[in-house]
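Here is a quick tour for anyone meeting this structure for the first time. Have a look at the picture, then read on.

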Amino acid sequence: MFKNTQAFSGFSVDDIAKAKEFYGQTLGLEVSEANGMLTLHIAGGAKIIVYPKPNHTPASFTILNFPVPQVEASVAALKSRGVRFEQYDYPQLKTDSDGIFRGGGPVIAWFKDPAGNVLSVIAQAV
């Protein structure tokens, strides 16, 4: 039924202007705006809709993963742009001082957008 549709994902934020600046300037994505919503244009022609929601509650899970060749370099670059990385200290999930998880599975580091939604940079599969 949906085999040939161009599906897309979306998530909410509490401030479109802050989201536009973060996704466009801080993360360097192509961002367009129409009808009070943002569209994030990502590699491969995919699009993600970002919409305002007055009673927005941040997602408690990772809403968007950015595969990168080197997580360490991406973390350093994002930190230089003011991004703060999450620190976790659980038995099965411990991050290092840079916020990078290296405990099995792909190397990954989580951070939040201005609305509190969780994003990540994750080691690109070879």
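## Who touches Phe-85

Let's start with Phe-85 in this predicted model. Setting aside the neighbours within four places in sequence, Phe-85 is in contact with Val-75, Leu-78 and Lys-79, then with Asp-98 and Gly-99. Ala-109, Trp-110, Phe-111 and Val-121 also make contact with Phe-85.

## The nonpolar cores

Phe-85 belongs to the largest nonpolar core, which has 27 residues. Along with Tyr-23, Leu-27, Leu-40, Val-50, Phe-111 and Val-121, Phe-85 is among the members that touch the most others. Plenty of elements chip in: strands S1 (9-13), S3, S4, S5 (62-68), S9 (108-112) and S10 (118-123), plus helices H1 (16-26) and H2 (71-80), each supply at least two residues. H1 gives the largest share, with four residues.

There's also a second, separate core of five residues, and Ile-108, Trp-110, Val-118 and Ile-122 are included in it. As a rule, nonpolar side chains in soluble globular proteins tend to be buried together.

## Two hairpins in a row

Now for the strands. S2 (residues 30-34) and S3 (residues 37-41) run antiparallel, joined by five bridges. One of the pairings puts Ala-34 opposite its bridge partner Met-37 in S3. The two strands make a hairpin with two residues between them, and Asn-35 in the turn has a positive phi of about 55 degrees.

S3 also pairs with S4 (residues 47-52), again antiparallel, over four bridges. Here Thr-39 has Ile-49 in S4 as its bridge partner. This hairpin has five residues between its strands, and Gly-44 in the turn has a positive phi of about 85 degrees.

Notes:
Residues are numbered from 1 along each chain as its sequence is written. This is a predicted model: local features need pLDDT of at least 70, side-chain atom pairs count only at pLDDT 80 or more; totals for chains, interfaces and linings use all residues. Side-chain values use heavy atoms; hydrogens and water are left out. Two strands pair if DSSP finds at least two bridges between them. A nonpolar core is a set of buried Ala, Val, Leu, Ile, Met, Phe, Trp, Tyr and Cys residues joined through side-chain atoms within 4.5 Å. Buried means under 20% relative accessible area, exposed over 50%, partly exposed in between (1.4 Å probe, protein chains only). Contact means heavy atoms within 4.5 Å.
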